[in-house]
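Me: Could you take one helix of this chain and go through it closely? I would like its faces, its neighbours and any odd backbone nearby.

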Amino acid sequence: MGVQLHIEDPFVDGEVHFLAMRDQYIERVLCFPREPPCSVLEERVRKLTAHDFVYLLETGMLFQGLRVVGKGYSAILVLAKHRTHGLGLLKLRRVDSRRLSLRHEGELATKAWLTGCHPRIHLVDDDYVFREYLPRGQCRGVAEVLEQALETNRRDEVTEIILKTLLTLRRLDAAGLDHRELNRPGDHLLYCKGAVYVIDWESGREAEKPSNVSAFVSYLLYRFHMGENLRKTLGYEPESVLKAVKKYKREMSEISFTNLLIAMRLQ
């Protein structure tokens, strides 16, 4: 049984499981989604311990009887304590993943962090990416925050959310980083107390002409379920926005980006 740990953020309350003890929770996380023991269990325990990880924190939602922060097709997410970096989010490659390494994703996320568009990246390895933990109560999906602002007719807030998001995505475009999943942003695009972060770079790449800005604008125009409400709130003409975003996509210049903001009535 782990040690109970209480932190100010209630989502982080949970049981501490020390890697050195290697209890059932540790084994299930490191072998997920297979039942322990698995072929990589010993190697993973040794690696995480050698890399100065101290414990995993059992908290979050329940998946297959296992309490974790999240899971995807290629990785499982848990909170972990590191001797140097403290408590953070550990994205651990699933043992059934078709991906041989998380290193490429971690390197792209590191470059995004250096532009200010991603939480701090602490460590990158073939088997894991360890980053800053964003408190759950402080971060929500951009689409969710935008929807609530529209429902309560807060035009200034709507403008601020979209403007900050586009400025963030412009920095990624300028850095040559292409996320490639922002036409359906979901949980990839987070709004955290006024800051916008782009996470989960599994499908990302470096590109001469990234599509971050154009993909998000396309989402607002064609997929966002409150798109008509948004158009009326900001007062833009979809045809003008479409023309401006196409020109931006061709030129990728600051002038064409500014003209896109003007077309969307954000300036």
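Reply: What follows is a walk along one helix, then a look at a second helix and some backbone details.

This is a predicted model, in which local features need pLDDT of at least 70 and side-chain atom pairs count only at pLDDT 80 or more, while totals for chains, interfaces and linings use all residues. Residues are numbered from 1 along each chain as its sequence is written, and side-chain values use heavy atoms, with hydrogens and water left out.

The helix is α8, residues 238-251. Helix and strand labels come from DSSP runs, numbered from the N terminus (helices are H or I, at least four residues; strands are E, at least two). α8 has 14 residues and reaches 20 Å from its first C-alpha to its last. That is close to the 20 Å expected at 1.5 Å a residue. The expected span is 1.5 Å times one less than the number of residues.

Start with the inside. Val241, Ala244, Val245 and Tyr248 are the buried residues of α8. They sit on the same side of α8 because they cover an arc of only 100° around the axis. The arc is that of the directions from the helix axis to the C-beta atoms. Turn to the face away from the buried side, and the exposed residues there are Glu239, Lys243 and Arg250. Buried means under 20% relative accessible area, exposed over 50%, and partly exposed in between (1.4 Å probe, protein chains only).

What does the buried side of α8 pack against? Its buried residues pack against α5 (155-174), α6 (212-223) and α9 (254-263). Contact here means heavy atoms within 4.5 Å.

Now take the α9 partner. Two packed helices are described by the angle between their axes and the distance between the axes. The axes of α8 and α9 come within 9 Å and cross at roughly 165°. That makes α8 roughly antiparallel to α9. Axes are lines fitted to C-alpha atoms, for helices over the stretch in contact, and angles run from 0 to 180 degrees between N-to-C directions. Under 35 degrees counts as roughly parallel, over 145 as roughly antiparallel, 65 to 115 as roughly perpendicular and the rest as oblique. The crossing of α8 and α9 is left-handed: the near helix is turned anticlockwise from the far one by less than a right angle, whereas clockwise would be right-handed. From α8, the contact uses Ser240, Val241, Ala244, Val245, Lys247, Tyr248 and Glu251. From α9 come Ser256, Phe257, Asn259, Leu260 and Ala263.

Just after α8, Met252 takes a positive phi of about 55°. Most residues other than glycine have a negative phi, and most peptide bonds are trans.

Next, helix α7 (residues 227-234). Its buried residues are Gly227, Leu230 and Leu234. They fall within an arc of 55° seen down the axis of α7, so they line one face of the helix. Their cover includes α4 (142-151), α5 and α6. After α7 comes Gly235, with a positive phi near 80°.

Other backbone details lie elsewhere. Arg22 has a positive phi near 50°, in the loop between β2 (14-18) and α1. Asp200 has a positive phi near 65°, in the loop between β14 (195-198) and β15 (205-206). The peptide bond from Phe32 to Pro33 is cis, with omega near 5°. Pro33 lies in the loop between α1 (24-31) and α2 (41-50).
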